[in-house]
Amino acid sequence: MRLNLKIWRQAGPGAAGRLEDYTASDVSSDMSFLEMLDVVNDSLVRQGKDAIAFDSDCREGICGMCSLVINGVPHGPDRGTTVCQLHLRRFKEGDTITVEPWRARAFPVIKDLVVDRSAFDRIIIAGGYVSVNCGGAPDGNAILIPKEISETAMDSAACIGCGACVAACKNASAHLFMSAKISHLSLLPQGQVERYRRVVAMIEQADADGFGSCSNEGECEAVCPKEISISNIARMTREYVRAMLVAGK
Amino acid sequence: MTTRVRVFSSSVGTKLLIGITGLALFLYLVLHIGGNLMVFLGRDVFNQYSHMLLSNPLIPVIEIGLVLIFLLHVYKTITMFLGNRKARPIPYEQKKYAGAPSRKTLASSTMILSGLWLLVFVIIHVSTFKYGTEYEAPGTGIRDLYRLELENFSNPLTVGFYVLSMLVVGSHLRHGVASAFQSLGATHPRWTPRLLVAGKVAAAVIAGLFMAIAVWAYATGARS
Amino acid sequence: MRLDAKEPSGPIASKWDRHQFEMKLVNPANKRKYTIIVVGTGLAGASAAASLGELGYNVLNFCIQDSPRRAHSIAAQGGINAAKNYQNDGDSVYRLFYDTVKGGDYRSRESNVHRLAQLSVNIIDQCVAQGVPFAREYGGLLDNRSFGGAQVSRTFYARGQTGQQLLLGAYQSLMRQVHARTVRLFARREMLDLVVINGKARGITTRNLVTGEIERHVGDAVILATGGYGTAYYLSTNAVNSNVTASWRAHKRGALFANPCFTQIHPTCIPVSGDHQSKLTLMSESLRNDGRVWVPKKQRDTRPPEQIPEAERDYYLERKYPSFGNLVPRDVASRNAKQACDDGRGVGDSGLSVYLDFKDAIERLGPDAIKEKYGNLFHMYQKITDENPYKVPMRIYPAMHYTMGGLWVDYNLMSTIAGLHVLGEANFSDHGANRLGASALMQGLADGYFVIPYTIGHYLAGESLPKVTTDHDAFKESADRVQKQVNQLLSIKGSRGIREIHRALGRIMWDDVGMARTEESLKRALAAIPKLREDFWHNVSVPGTPDNLNQSLEYAGRVADYLEFAELLALDALDRSESCGGHFREESQTPDGEALRDDANYSYVAAWEFKGVGKEPELHKEPLNFEEVHPTQRSYK
Ligand SMILES: Cc1cc2nc3c(=O)[nH]c(=O)nc-3n(C[C@H](O)[C@H](O)[C@H](O)COP(=O)(O)OP(=O)(O)OC[C@H]3O[C@@H](n4cnc5c(N)ncnc54)[C@H](O)[C@@H]3O)c2cc1C
Ligand code: FES
């Protein structure tokens, strides 16, 4: 099949970018979207032209590296699917597809479709962990955890940190991302000790990095490849309120 | 740990404040429409009711509270809106609605516009009614708000403006009511979907009733 | 060169304890004076960097992705083994040790494996304490599933995302150390050389993948945890940026490379569908708990699976290996799939796949239970193939998956270069000729959390390490070498695509150095690889400039290393004319087609010394002694 592409090209962080036209001819509908871009790139490379930079690694929807906005929707049209798992059978012969990078102040473009997501690391650095040193852990079965609780924690922990939530949000908010981590840890007994400090620290860090606030539209949930629910954001708020009340004492 | 003031200036604290003030204003609207419905019971009942309300010594205090809540809501939403715009300096060339389960609607995308409209509306509304002509209801010594209302809505332009504004109220509430609960962290696997529906119904009912009053007043005024 | 594995003496069960006591220590106050470079942020690298940071060392941690959390370990699906015996089904440290040595077809070092089995228990505790949401039973206890090569249930899991959850646990611990300022992160950096000064590893040269700058980093010891080399085969289950570069460049600086031919072909992957494919997707081994593998009894039977009656199906694993059934080790399962397809009984359009059928399990447990266990795998399968595995059986075929070979290390995980330690999949140590499922995660974390924190202290305390700076000639020489290669790649300006050459290499490797190897095929590969390498250096096109993000340049560098490394892999395979584990030489098989070892001649670790590109490397042998588990013909019948 043949597809028309409009792809964002930008030489570097400060440079101005624009959409450029490419065609992917002779691609098969069994290909993944990124494999189609590989084909386009291979032909650019053979002609000695700079390949279109885009991030990917695992290509099976788990590393969170791939990050493209396809026709205005982060990760493209399929629900619960990263763009590396999006297949061309989703498109029709002759379709025109626009490909853009994540856009947010906190995710500056490095080149073409590649952005810098280190702000997410900084949010975790601020407190997204349980402070246990290696060595002193009690037996894994010492604390019983109800199955429902561990399953709910797992739902939140499934976040792959791709940043699609930020990309989709009209406010470029990181609330879904951080609430997933905050929920995961606050649900489990292991996360209790630092529960209040964690939620405050992570939120302050996200604000400092220039992510926006949340308007409860839930675009984030709709594009999340792991379908993480915005009920996590509500849980984060509850944690925050608790932290306020505790801090007030 | 963080002080209270900083707590409320964070992105989550901001949501909390907007949610709480929003809900308070919504509650006020519910009471307001409840009271306004008295107008259908005739001039006397309506005037008696408003007199009872206005002569309550607590009212000025409540009014000041209400104004503060309102101003806080306005201030927080506007600063949040400006902050959020800064979070994406370079817009997308193409951006689309992501589809279910997103709650994004025309209403949710235009909260700032509907809000600003309502800000203007509220100023006009308060100055027409609260600070409008002080008629006295014949033979009672109390204020004749019934007359003021009928007079006011005798102008079709005013009626049009009110109906339009009530559509804006409906739109604001359509997203705002359920959103406020989410902002306050109130979610539940069973109740949240119902709440979402209830929010829309409440928005429609409230906006509808206010509109009905305006239209009714116009019609009644025209007949008398 | 004599290879000294430095195995502690004494009975197997107390070796590690005794060694822990005998090792030298670094005083707590002195730890921060030592700088340790950790390359890699997978399970091995992140756990090492985090625990060394916790101890107070000054750690520099590198990865090629934009965040440490994206290391390839994130993709591990099925689970992690530990000899907890929570199921009361007869497991023990000794049994895990035994299973692993046997599973590795008696080509691993007993003392290392025993230590691994011992530490497995602590790993689970540590991960639970970090908040890893392992699957639980209704009573709140940890749940287990079974993996191949074992008759006990000892695999801990977090849905089909175990690697992700373990890595996030390690990543979070790492980020905590970044917060504490004991660890400094260097993301989007590629290690392109090792700096050796006076015989000791003292630093690395990296390329900043964003700015293109060639950077020098100095330290007192270097730890490589850069993963495996499965992408030498182009198509594999590994992430597309996985590479041998860091290991290979260390090899060129003097670290011996051990058993490169020990590669693992995983039996349950989504079959190849066309030329365009950039990677193959694994369907976790855990699926073999509930899925049944079969092919039609008739050759070239083109009926859809539901029309093939039970009596005309061959559940060949259950038939041939009644005691392990569908849970035989990977090498056995892969070879049998290949045999079935070679025999003309393969299914699908290409005839290169077999069925993995969940019908019985769905009937027995209900679709919801299956969904809870494997939901994400089924979802992934459907995404890729457009077929619904709840309705039609999955089609699977073996694919390149894991590499048991790697840089040679002693018991302390130190390579033949003093101070250069190698952890995780990048070393050769614990899995012999075949890794059992759910053991790589275990090994990576054991190395990082529980071995290196001790052994690195032992090294540092025992060495005099004069202060050096990045102005040292060795750093300059290294930076020049790296810069030269960058310039060279960019100046070829040929007309062949990088991927095209990588794919060609992959084809050679899969066809001639793949699941079944012969002297003839290996010689063919050894002739073809240098030619392809020539072709690359003359005709490849690497566009762009060196001074910014240039993914073509990164990729070309990795392919260039593979083109050298692949030759060593094939050579090692040729040299080892026995079959063992994943290394199957057709010349050496039992009458019923099982791998036939030659213990008399090949019971050693083959460690290769680099002598120059295109020059015959020198083979050093570390003899393997089996005091506990006596080598026998492996049987899973
Ligand atoms: C699909 C799949 C499923 C698997 N499932 C399981 C399972 O269920 N159970 C199990 O036990 N094992 C499983 N494995 C195997 C296991 O995941 C890996 O062996 C293990 O995670 C490797 O960890 P590692 O830390 O050694 O390396 P990796 O996780 O590969 O990390 C390598 C690190 O090195 C960095 N790096 C690489 N090259 C350079 C360079 N030149 N410069 C700087 N940094 C560099 C990378 O950025 C990365 O941080 C699976 C493997 C695959 C592919
Ligand atoms: S490339 Fe890993 S999630 Fe897409």
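Here are four short exercises, with worked solutions, on a predicted model.

**Exercise 1. Work out which residues come nearest to ligand 1, and how the shell around ligand 1 divides by residue type.**

Start with the head count: 37 residues sit around ligand 1. Those that come nearest are Thr41(C), Gln65(C), Ser73(C), Met191(C) and Glu425(C). Next, sort the shell by type, which gives 16 nonpolar, 17 polar and four charged residues. Then ask where in chain C the shell comes from. The elements that each supply at least two residues are α3 (43–55), β6 (189–197), β15 (394–403) and α12 (440–462) of chain C. Of the contributors, β6(C) gives the most, with three residues.

**Exercise 2. Find polar partners for the oxygen and nitrogen atoms of ligand 1, then say how much of its area the protein covers.**

Take the oxygens to begin with. A polar backbone atom of Gly78(C) is 2.8 Å from an oxygen atom of ligand 1. Over at Ala44(C), a backbone N or O atom lies 3.0 Å from an oxygen atom of the ligand. Now switch to nitrogen: here the partner is a side chain, with an N or O atom of Asn243(C) 3.1 Å from a nitrogen atom of ligand 1. As for cover, ligand 1 has 1,000 Å² of accessible area on its own, and the protein covers 98% of that.

**Exercise 3. Decide whether Lys147(A) counts as buried or exposed, and track down what its side chain pairs with.**

First, place the residue: Lys147(A) is part of helix α3 (residues 147–157) of chain A. Its relative accessibility is 11%. The cut-off for buried is under 20%, so Lys147(A) counts as buried. Next, look at the contacts, skipping neighbours within four places in sequence: you get Arg136(C), Glu137(C), Tyr138(C) and Glu372(C). Finally, zoom in on Arg136(C), whose backbone oxygen lies 3.3 Å from a polar atom of the Lys147(A) side chain.

**Exercise 4. Describe how the assigned domains sit against each other in chain A and in chain C.**

Chain A goes like this. The assignment gives domain 1 (3–110) and domain 2 (118–246). Their centres, taken over C-alpha atoms, are 29 Å apart. At the contact, 17 residues of domain 1 of chain A meet 21 residues of domain 2 of chain A.

Now repeat the steps for chain C. Its assignment gives domain 1 (266–400) and domain 2 (474–604). The C-alpha centres of these two domains of chain C lie 30 Å apart. The contact takes 12 residues from domain 1 of chain C and 11 residues from domain 2 of chain C.

Technical notes
Residues are numbered from 1 along each chain as its sequence is written. Chains are lettered from A and ligands numbered from 1 in the order in which they are written. This is a predicted model: local features need pLDDT of at least 70, side-chain atom pairs count only at pLDDT 80 or more; totals for chains, interfaces and linings use all residues. Side-chain values use heavy atoms; hydrogens and water are left out. A residue is near a molecule or strand if one of its heavy atoms lies within 4 Å of it. A polar contact is a pair of N or O atoms within 3.5 Å; within protein, one must be able to donate a hydrogen and the other to accept it, and residues adjacent in sequence count only if both atoms are side-chain atoms. Accessible areas come from the Shrake-Rupley method with a 1.4 Å probe; for residues, only the protein chains shown count as cover. Helices (H or I, at least four residues) and strands (E, at least two) are DSSP runs, numbered from the N terminus. Ala, Val, Leu, Ile, Met, Phe, Trp, Tyr, Cys and Pro count as nonpolar, Asp, Glu, Lys and Arg as charged, and the others, Gly among them, as polar. Buried means under 20% relative accessible area, exposed over 50%, partly exposed in between (1.4 Å probe, protein chains only). Contact means heavy atoms within 4.5 Å. Domain bounds come from an automatic or database domain assignment.
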